[in-house]
Amino acid sequence: MHPLRKQRMQWICLMLISVSIATALIGYILRQNANFFYTPSQIANGQAPIGVSLRAGGEVVVGSLKRARESLLIEFHVSDDWHSVKVTYEGILPDLFSEGQSTVVTGKIDDQNILHAVQVLAKHDENYTPPEIAGMYEDRGT
Amino acid sequence: MMNELLSPELGHIALIIGSCLAVFQGVLPLAGSYTGRVRWMQMGRSLACGNLFFIFLAFLCLSNAFLSDDFTVRYVAQNSNTLLPIYFKFSAVWSAHEGSLLLWVLILSIWTAAVALLSNGLPLQFLSRTLAILGLISVGFGFFLLFTSNPFERTFPLPPIDGQDLNPLLQDIALILHPPLLYLGYVGLAVPFAFAISALLESRIDSAWANWSRPWTLASWCFLTVGIFLGSWWAYYELGWGGWWFWDPVENASLMPWLVSTALIHSLIAAEQRGVFRSWTVLLAIFAFSLSLLGTFLVRSGVLTSVHAFASDPERGMYILLFLSIVIGSSLTLFAIRGPVLMSASSYSGSSRETFLLINNLILTVAVAVVLLGTMYPLISDAFGLGKISVGPPYFNFFFVPLTFILLMFIPLAMRSSWGHVSVKILSSWLIQPFLLSFVVGLIGSSMLAHWVGETQNSFSALVTLMCVSWVFMMIFVDVKEKLKLSTFTKLPVRYYGMVLAHLGVAVTVLGAGLYASSGIQKDVKMGVGDYAYLGGHEFYFSDIKHDRMSNFLFTRAEIIVSREGREIVTLKPEKRLYFSSPQTMTEAAIDGGLLRDIYISLGEPLDNNYWAIRLHVKPFVRCIWLGGAMISLGGLLAVLDKRYRRRKIIKRDLENLSAQSVPEM
């Protein structure tokens, strides 16, 4: 084979191999780190996996927000009008978080179906509803 | 007088005329280049200038409507307010969809006119095709504006007395500059794209082409760099929570073209100097522009907030998607037809500058694939009903942290290697000594840092960061020393200093980001007046809290005295603001900044009994992130200014390369 052509072939093979390894790895890690969204009803019915990072959302139940005396530990219920899920979180809540408003939390569920959140999101302006929640009500409407 | 002259209707008409001129610009020179009509080909230049004039006029009219509070214009009413200071009224022009698209079109016209006026050295046929392609892109966006998102639309019959407000988050100086700079970068990538397409049309991808393409690519890459770093800086101090990069889809949309254009400026060097990677370079130019179109699509169509939002305004989303598929589809088809002809016939060994540049390109391409998949996967999954998914920072960090370090290690290797071949013996001699030295520097540095912070969380990654960065610094330093031995300071080309500065900038940014992740600490605390908190060897004393008002917002301001080892350093005053025009509460962080460390405090929500939730940060070397960004952009600017790209030189080279082609003498 012509040396130039041989070199080119080597490069092409090398690139093909690295591209396929990269794609496989990216796909694998992507699946590992993708947080699926569950509604409070799905969690209450035990459809959500325990101990896996996931997202949940709904309306913060009015009167459910409780704070610890000495720390920033917070507890509240998130509901989709049918079921509600207890959420715990330690830290600062976003500016637009309040009872009666919608929220999306990321965290893991324990065996008592309590969601331990590591991140709490509120809608970031008054015109915006988290898409998952808009979708949740839409699905129910139909 | 001015107000009546520059009416929204005039703007609308100017936009229509500008778009019509763009149609001619897209058709005439191209047709002329195939039928050999020199007159038609020459028209490209004046049409580009005419297009710029009318689009600029349209932009002036819209700005005038904002500055004179003309709330009969719907777009103004939605995004401005009489209470806004004048400079925010002006920046509100591009704060939402319609206006920012007009800015997009204006910037495209500016780039096109710049190509038309500064490229006297280009062969007429090549220039006319390039201008025609830029004209066609301008047509696409001009029609998009006119038919789906007209910024000049009036609200009849009842205009509001006052407008809604500009989102308070956007009321910031960095945000006045961020979008135009980012767009200058995004849209600027249309120029190398047009060069690549017209080179494909002529089946000539040679080193002259790479030479023409390089300054334009570099210039838009510089703007993109400044835009991205400015956005990150804004997120750091304005969003109020101390992060600098969030892997937000909007950020990713700007990162992808940046990564590809970074690869492009490197492969263009190899294509120009050695004639290698030519078809690959063309492909990169196509991808760079396609990804900036994709970015525009993602940010501007509303798909990002939700696939449902996309459905609520399908016209806009469908239009950009259609435009995107036409651009990508036709350019890739052209590439498939013409690409094989371009296969380069040059040889180089496995250890050479070519190979290292190739590795650079591979790493950057993998990085783009990571970002692209991570950004698109949730959208695709939602669109096909596979479940609602979000992909968070852990995914991106998993790939980006190692990729960045590998890329960093190859920077000095590529800089110091020669074209063609460099022996393994020389390579290993470079590696061993600086490696040991940087290991020592890393150990000393990370233990000093651990001592200073007091509770370092991850001293191993601090060590790795410091080691790699100091290694790169040493290698670059040695390179400069050796180059100066062979030449004098003034004789080395400006672009060499640009390259050194930009690469040092990359190392500085990695230093900042690495130490932010490894040694930066933060804590959320509950504090009342008179309370103390401790973090990173600092003492925080909550001394006071006040409520007051400014012209357009109410605020609550805490006063926190920071001291270290008994010495008072600074009093920081984080705020919570409530703007009158919208019910949003805003967090204004207070920062005591320095090159060596930032102390950053943000005020959270009020708790019971006058207690407050407060977030404290101590971040060593965080400003290196943006300092490095400034160095990268400045380095790029120096490279653009190199006299290699000046007109005369190009003509000479061009004549040498293409004696067959007739070039008009100046």
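## A tour of chains A and B, starting at B:Val260

Select B:Val260 first: leaving aside residues up to four places away in sequence, B:Val260 touches B:Leu284, B:Phe287, B:Ala288, B:Leu291 and B:Val368. Touching, or being in contact, is when the C-beta atoms of two residues, placed from the backbone, lie within 7 Å.

A word on what you have open. This is a predicted model, where local features need pLDDT of at least 70, side-chain atom pairs count only at pLDDT 80 or more, and totals for chains, interfaces and linings use all residues. Residues are numbered from 1 along each chain as its sequence is written, while chains are lettered from A and ligands numbered from 1 in the order in which they are written.

**Widen the view to the core.** B:Val260 is one of the residues that touch the most other members of the largest nonpolar core, which has 218 residues; B:Leu108, B:Ala190, B:Phe193 and B:Ala288 are also on that list. Helix α10 of chain B, residues 207–238, gives the most to this core, with 17 residues. A nonpolar core here is a set of buried Ala, Val, Leu, Ile, Met, Phe, Trp, Tyr and Cys residues joined through C-beta atoms within 7 Å. Buried takes 20 or more other C-beta atoms within 10 Å of a residue's own, exposed 12 or fewer, and partly exposed is in between, with C-beta atoms placed from the backbone.

**Now zoom out to all of chain B.** You should find 21 helices and 11 strands; helices (H or I, at least four residues) and strands (E, at least two) are DSSP runs numbered from the N terminus. The C-alpha trace spans about 85 × 80 × 55 Å along its principal axes, and 51% of the 666 residues are buried. Of the contacts between residues at least 6 apart in sequence, 76% join residues at least 24 apart.

Try colouring by domain: domain 1 is 1–171, domain 2 is 207–307 + 316–340 + 349–419, domain 3 is 423–520 + 625–629 and domain 4 is 521–620. These bounds come from an automatic or database domain assignment. Between the centres of domains 1 and 4 of chain B, taken over C-alpha atoms, there are 44 Å.

**Next, pick B:Leu101.** This residue lies in helix α6 of chain B, residues 97–118. B:Leu101 counts as buried because 24 other C-beta atoms lie within 10 Å. Beyond four places in sequence, B:Leu101 touches B:Phe141, B:Phe144, B:Leu145, B:Ser149 and B:Arg300. The last of these, B:Arg300, is 199 residues apart from B:Leu101 along the chain, yet their C-alpha atoms are separated by 8.6 Å.

**Then jump to α20(B), residues 624–640.** Of its 17 residues, 12 are buried, including B:Cys624, B:Ile625, B:Met631 and B:Leu638. To see what covers them, show α10 and α19 (494–519) of chain B, against which the buried residues of α20(B) pack.

**Finish on chain A.** Its three helices and seven strands follow the pattern α-β-α-β-β-β-β-β-β-α along the sequence, and 30% of its 142 residues are buried. Select β7(A), residues 114–122: three bridges join it to the parallel strand β5(A), residues 84–90, with A:Thr88 partnered by A:His116. On β6(A), residues 102–109, seven bridges make an antiparallel pairing with β7(A), and A:Thr106 stands opposite A:Gln119. Strands pair if DSSP finds at least two bridges between them. Last stop: the hairpin of β6(A) and β7(A) has four residues between its strands, and A:Asn113 in the turn has a positive phi of about 65°.
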